[in-house]
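Welcome! Take a moment to look over the sequence and turn the 3D view around before reading on.

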Amino acid sequence: MTVRTPNNSLLDFQHPAVRHLGWLCSAPQLLHSPATFQPGDYLPPDYLETLKKWDQYPETAPALLREVPQRRLGFYFERLYEVMLSELPGWEILLKTAQIQSNGQHRGELDFIVHNTTAERIEHHEIAIKYYMGVPNGGSEALWYGPNARERLDIKSDRLVNHQSTRTQQPETLVLLSSHGINAPITARIFMPGYLFYPLAIALEAPSTTPQNHLRGCWTYADTLEETDTSTWVQLNKPHWVGPWCQSATPPGTEARQAITDIQADRIPRLFSELSRDSASDHWLERRRIFVVPSSWPTQPK
C-alpha cells in the first residue's frame, strides 16, 4: 500500500504552529461535497513566503499563532483556521463559535461566519479535523471509525452536509445573524482535512465519498507488533497530530515499545510516526503514520 504524506516542504518549518498552519493550507480533505472549501483557491501566491517569515522571525507572527498550543485538538484547529482566513487572504471573521439559542435551549453553534472579500460574499464555514481507521464490513463498504470508536466517517460526513452546514437556514439562526447585522445571503462551506488509516494486513477500498488524494496511514493491533522493529517510531501527542512530524534528536528507541505495551493495559489507541533520517538536513522526518489499537477495538469503552 502506498502511504501518502504531506508535502515534505512543510518539514522545512521549524516552528510547529507554522508547520501546522502550512499543512492546513494544502491538506487534502476527507469529504467530497459541492460545499467543500479549498483554501488554495483563495490564498495569495506568496503565502508560503509569509509563513517562512513567521517561522524565521516568530515575533512577526500573529498573536494567535504564538500562543501556547491547546491540547484539545479541535480548539487548536479552530485557532489555526482563524489565522489562515484572517491573516493570509485577509478575510473578516464576523462570528466564530456562535451559540444558537431557541426558547432558552441550546440548538448548536456556527463555527465561522466570514466575509470572503475575494468573492465578495458572506460564508458559513463548518470545520473538523478527523482521523479514521477502516474496518471491513462483510461485503459492504468498510466502516471508518475514530480512535475511540464513538464516531464514524459516514455519520460525521452526513451530519456536516445535511445538518451543520444548513444551520443558517433555521429561523433561530437567522435571528442570531440579524442581531449581528448579518442579513445577506450566506454560502455554506465545509472543511474537513485529516487522515484515513488502512489496516496493515487487509486491502480496503477508499470510501466513495472521500477524494482519492486523501492522506493515508496504517493501523494495526498492539499484539501484532511483537516482532516489529519500532526503534524509529515516536508517539505523537496532541496537538502534534496536525501536520507532519520532524525532530533533530535520534528517536529514543525504547519509548515506542513501552507505549505499545501500555495500549493493552489502558485500552487507549495511540498514534505513532515512523521516522527516517534525512542526511541533507540531519533531521529525522516523518515517513508514515501508524495508529496502534488494543485488541478490543473498535468495541466502544463502557
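Which residues does Arg270 touch, not counting residues up to four places away in sequence? Keep this question in mind while we look at the whole protein.

## The overall picture

What you see is a predicted model. The protein has seven helices and 12 strands. Along the principal axes, its C-alpha atoms fill a box of roughly 60 × 50 × 35 Å. A compact globule of 302 residues would have a radius of gyration near 19 Å, so the 20 Å of this protein agrees with that picture.

Contacts tell us about the fold too. Take those between residues at least 6 apart in sequence: 66% of them join residues at least 24 apart.

## Inside and outside

Of the 302 residues, 49% count as buried. The protein exposes about 14600 Å², and carbon and sulfur atoms supply 48% of that area.

Now for the charges. There are 28 positive and 33 negative ones, and their mean positions lie 4 Å apart.

## A closer look at Arg270

Let's return to our residue. Arg270 is part of strand β11, which covers residues 270–278. Is Arg270 buried or exposed? It counts as buried because its relative accessibility is 13%, and the cut-off for buried is under 20%.

Its side chain has polar partners. One polar contact, of 2.8 Å, links the side chains of Arg270 and Asp266. The side chain of Arg270 also reaches the backbone oxygen of Ile268, at 3.2 Å.

And the opening question? Leaving out residues up to four places away in sequence, Arg270 touches Gln235, Ala259, Asp262, Ile263, Ile290, Phe291 and Val292.

Key:
Residues are numbered from 1 along each chain as its sequence is written. This is a predicted model: local features need pLDDT of at least 70, side-chain atom pairs count only at pLDDT 80 or more; totals for chains, interfaces and linings use all residues. Side-chain values use heavy atoms; hydrogens and water are left out. Helices (H or I, at least four residues) and strands (E, at least two) are DSSP runs, numbered from the N terminus. The radius of gyration is taken over C-alpha atoms; the globule rule is 2.2 Å times the number of residues to the power 0.38. Buried means under 20% relative accessible area, exposed over 50%, partly exposed in between (1.4 Å probe, protein chains only). Contact means heavy atoms within 4.5 Å. Accessible areas come from the Shrake-Rupley method with a 1.4 Å probe; for residues, only the protein chains shown count as cover. Lys and Arg count as positive and Asp and Glu as negative; His and the chain ends are not counted. The place of a charge is taken as NZ of Lys, CZ of Arg, CG of Asp or CD of Glu. A polar contact is a pair of N or O atoms within 3.5 Å; within protein, one must be able to donate a hydrogen and the other to accept it, and residues adjacent in sequence count only if both atoms are side-chain atoms.
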